[in-house]
Amino acid sequence: MLSQPLISLGFQNSLADSSLFVLHKGSDLVYVDDILITGSSSELVATIVDQLSSSFALKDLGLLHYFLGIEAIPTADGFILSQAKYALNLLTKAGMIECRPCHSHSSLKPVTPGNLTPLTNPEHYRSLIGSLQHLTLTRPEISFAVNTVCQHMHAPLECHLTAVKQILRYIKGTLARGLAFSKSSLTLLAFSDADWAGNALDRCSTGGIVFLSVLISYLGQLRNK
């Protein structure tokens, strides 16, 4: 197992994510996530790779390019994380590769009861939702819409599938978007909002809070377009 060699080298297993290991050594910091290793010191990272190679077969693939369906695209001052290929596969899976794109992932009109007919294939609906959840890793702007359709996984209706298709149509028109990471000073912003009984289907109130730091440059790009 990978965990034992890492722990013997002084790594600590994250309590939040069992696949994340962290090593503090002086002012240097190294993260190990599954088989992805990164850190503030390239020399220390190289040392860790050499030490792990003595415990089991290990091949250094060099700089990060593609990992768990996420493409890392180098830029002049950082890199961009993109799931364009994953999104295309999702559209193909949904049978919507030739669909017409739209400009919004959610309906601009108030939510009203639509087609209340139960889906004949709810497993397909749940599979699409699971894929959309993974896509939110680099597409945070669809998180609210995806969370909304996730609330109906136990008994999805035709109107819920219509909402999923709108998200997919939005993705079709925004395949090139992703998260941009660059060297910059940390600026942390927090926002909160609430919608009291705004859902006409169940009259439940919705609240949310979001903290932004590295996403600021990404959101700024969206505003400029």
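A residue counts as partly exposed when its relative accessible area falls between the limits for buried, under 20%, and exposed, over 50%. Phe 79, at 36% relative accessibility, therefore belongs to the partly exposed class. The structure described here is a predicted model, and its chain contains seven helices and 10 strands. The points below begin with the chain as a whole, turn to a sheet and the aromatic pair that links two of its strands, and end with residues in loops and at the start of a helix.

**The chain as a whole**

- Of the 225 residues in the chain, 32% are buried.
- The accessible surface of the chain comes to about 14,400 Å², and carbon and sulfur atoms account for 59% of that surface.
- Among the contacts in the chain with a separation of 6 or more, 58% are between residues that lie 24 or more positions apart.

**The four-stranded sheet**

- Four strands form an open sheet in the order β5-β6-β7-β8, and their pairing is antiparallel.
- The edges of this sheet are β5, residues 66-67, and β8, residues 179-182, each of which pairs on one side only.
- Strand β6, which covers residues 70-75, is paired with strand β7, which covers residues 78-82, through five bridges in the antiparallel sense, and a hairpin of two residues joins β6 to β7.
- Within the pairing of β6 and β7, Thr 75 has Gly 78 of β7 as its bridge partner, while Glu 71 stands opposite Ser 82 of β7.
- Strands β7 and β8 also run antiparallel and are joined by four bridges, with Ala 180 in β8 serving as the bridge partner of Ile 80.

**Rings in and beside the sheet**

- The count of aromatic pairs comes to one; the pair consists of Phe 79 and Phe 181, whose ring centres are 5.6 Å apart and whose planes meet at 25°, so the pair is stacked.
- Because Phe 79 lies in strand β7 and Phe 181 in strand β8, the pair ties together parts of the chain that are 102 residues apart in sequence.
- Like Phe 79, which is partly exposed at 36% relative accessibility, Phe 181 counts as partly exposed, with a value of 24%.
- A further ring, that of Tyr 66, has Lys 85 lying over its face, at 5.7 Å from the ring centre.

**Gln 83 and Ala 84, after strand β7**

- Gln 83 is located in the loop between β7 and α3, the helix of residues 84-93, and with a relative accessible area of 3% Gln 83 is buried.
- The side chain of Gln 83 makes a polar contact of 2.6 Å with the side chain of Thr 138.
- When neighbours within four places in sequence are left aside, the residues in contact with Gln 83 are Gly 69, Ile 70, His 134, Leu 135, Leu 137 and Thr 138.
- Ala 84 is found in helix α3 and is partly exposed, with a relative accessible area of 22%.
- The C-alpha atoms of Ala 84 and Ile 70 are 8.3 Å apart in space, and the two residues are 14 residues apart in sequence.

**His 105 and Thr 117, between α3 and α4**

- His 105 lies in the loop between α3 and α4, where its side chain and that of Ser 106 are joined by a polar contact of 3.0 Å.
- The side chain of His 105 also reaches the backbone oxygen of Glu 141, at 3.0 Å.
- Apart from neighbours within four places in sequence, His 105 is in contact with Glu 141, Ile 142, Ala 145, Gln 166, Ile 167 and Tyr 170.
- Thr 117 is likewise found in the loop between α3 and α4, the latter being the helix of residues 122-135, and at 40% relative accessibility Thr 117 counts as partly exposed.
- Not counting residues up to four places away in sequence, Thr 117 touches Leu 157 and Glu 158.
- Thr 117 and Cys 159 are 42 residues apart along the chain, with their C-alpha atoms separated by 7.8 Å.

Notes. Residues are numbered from 1 along each chain as its sequence is written. This is a predicted model: local features need pLDDT of at least 70, side-chain atom pairs count only at pLDDT 80 or more; totals for chains, interfaces and linings use all residues. Side-chain values use heavy atoms; hydrogens and water are left out. Two strands pair if DSSP finds at least two bridges between them. Buried means under 20% relative accessible area, exposed over 50%, partly exposed in between (1.4 Å probe, protein chains only). A polar contact is a pair of N or O atoms within 3.5 Å; within protein, one must be able to donate a hydrogen and the other to accept it, and residues adjacent in sequence count only if both atoms are side-chain atoms. Contact means heavy atoms within 4.5 Å. Rings of Phe, Tyr and Trp (its six-membered ring) pair if their centres lie within 6.5 Å; planes under 30 degrees apart count as stacked, over 60 as edge-to-face and the rest as tilted. A charge sits over a ring if NZ of Lys or CZ of Arg is within 6 Å of the ring centre and within 35 degrees of the ring normal. Accessible areas come from the Shrake-Rupley method with a 1.4 Å probe; for residues, only the protein chains shown count as cover.
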